[in-house]
Amino acid sequence: MEDVRRKREDSLPAQYFRAGAGAVIINEAGLVLALERADLPGAWQLPQGGLDEKEEPLETAYREASEETGIPGKKLELLDSLPEPLAYELPFGLRTGKTGRGQVQYWFLFRFNSSDEAIDILGGGEFRAWQWMPFSKLTESVAEFRRPIYLRLAERFKAYLSPL
């Protein structure tokens, strides 16, 4: 029995949570920039990703926003941040050596100060579409394992978000 358990544990992905950061980007109307995943049509999310070595969470949020949306940092105004990191655990089939069990993320709220022409999601290849939407609509269309994080973000940033 011990050998079977050990063999199963050896085949599991790494048992860690990857450190990351995310960006809630809103426009002047308080709508949030949502990105539709290329690999899962209908699944929408916010820009997010892992911290690089020696990178601080705010730097990561700016970098990920730029890589995933094409928006340069100078067109984002930092409005607020979540005081505590939030974690999500991936379903077993989605875990890899890179992702581990999930992510522990720092979150930042930015206002987008430019025109929509500055948004280019196709460069990163991770997303297929984008749109401005009420945060409440985003929480309905996000992957289930991310939903508790998004509900916490909506609570923290509600003063800035469109009530629709």
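**View 1. Burial and extent of the whole chain.** Of the 164 residues of the protein chain in this predicted model, 43% count as buried. Measured out along its principal axes, the C-alpha trace of the protein chain spans about 60 × 35 × 30 Å. The surface that the protein chain exposes comes to about 8,700 Å², and carbon and sulfur atoms supply 52% of this area.

**View 2. Helices and strands along the sequence.** The protein chain contains 4 helices and 8 strands, and, when read along the sequence, these elements follow the pattern α-β-β-β-β-α-β-β-β-β-α-α. The radius of gyration of the protein chain is 17 Å, close to the 15 Å that the globule rule gives for 164 residues, so the chain is as compact as a globular protein of that length. Among contacts between residues at least 6 apart in sequence, 71% join residues that are at least 24 apart.

**View 3. The two sides of helix α4.** In helix α4, which runs over residues 147–157, the residues Ile149, Tyr150, Leu153, Ala154 and Phe157 are buried. These buried residues lie on the same side of α4, because they cover an arc of only 140° around the axis. On the other side of α4, Pro148 and Glu155 are exposed.

**View 4. The surroundings of helix α4.** The buried residues of α4 pack against the strands β1 (17–26), β3 (44–45), β5 (76–81), β6 (86–89) and β7 (102–112), and also against the helix α3 (135–141).

**View 5. Charged side chains.** The protein chain carries 21 positive and 26 negative side chains, and the centres of these two sets lie 4 Å apart.

Conventions:
Residues numbered from 1 in each chain as written. Predicted model: local features only at pLDDT ≥ 70, side-chain atom pairs only at ≥ 80, totals over all residues. Heavy atoms only, no water. Buried < 20%, exposed > 50% of the residue type's maximum accessible area, 1.4 Å probe, protein only. Arc of directions from axis to C-beta. Contact = heavy atoms within 4.5 Å. Rg over C-alpha atoms; globule rule 2.2 N^0.38 Å. Areas by Shrake-Rupley, 256 points an atom, 1.4 Å probe, with all protein chains shown as cover. Lys, Arg positive; Asp, Glu negative; His and termini not counted. Charge placed at Lys NZ, Arg CZ, Asp CG, Glu CD.
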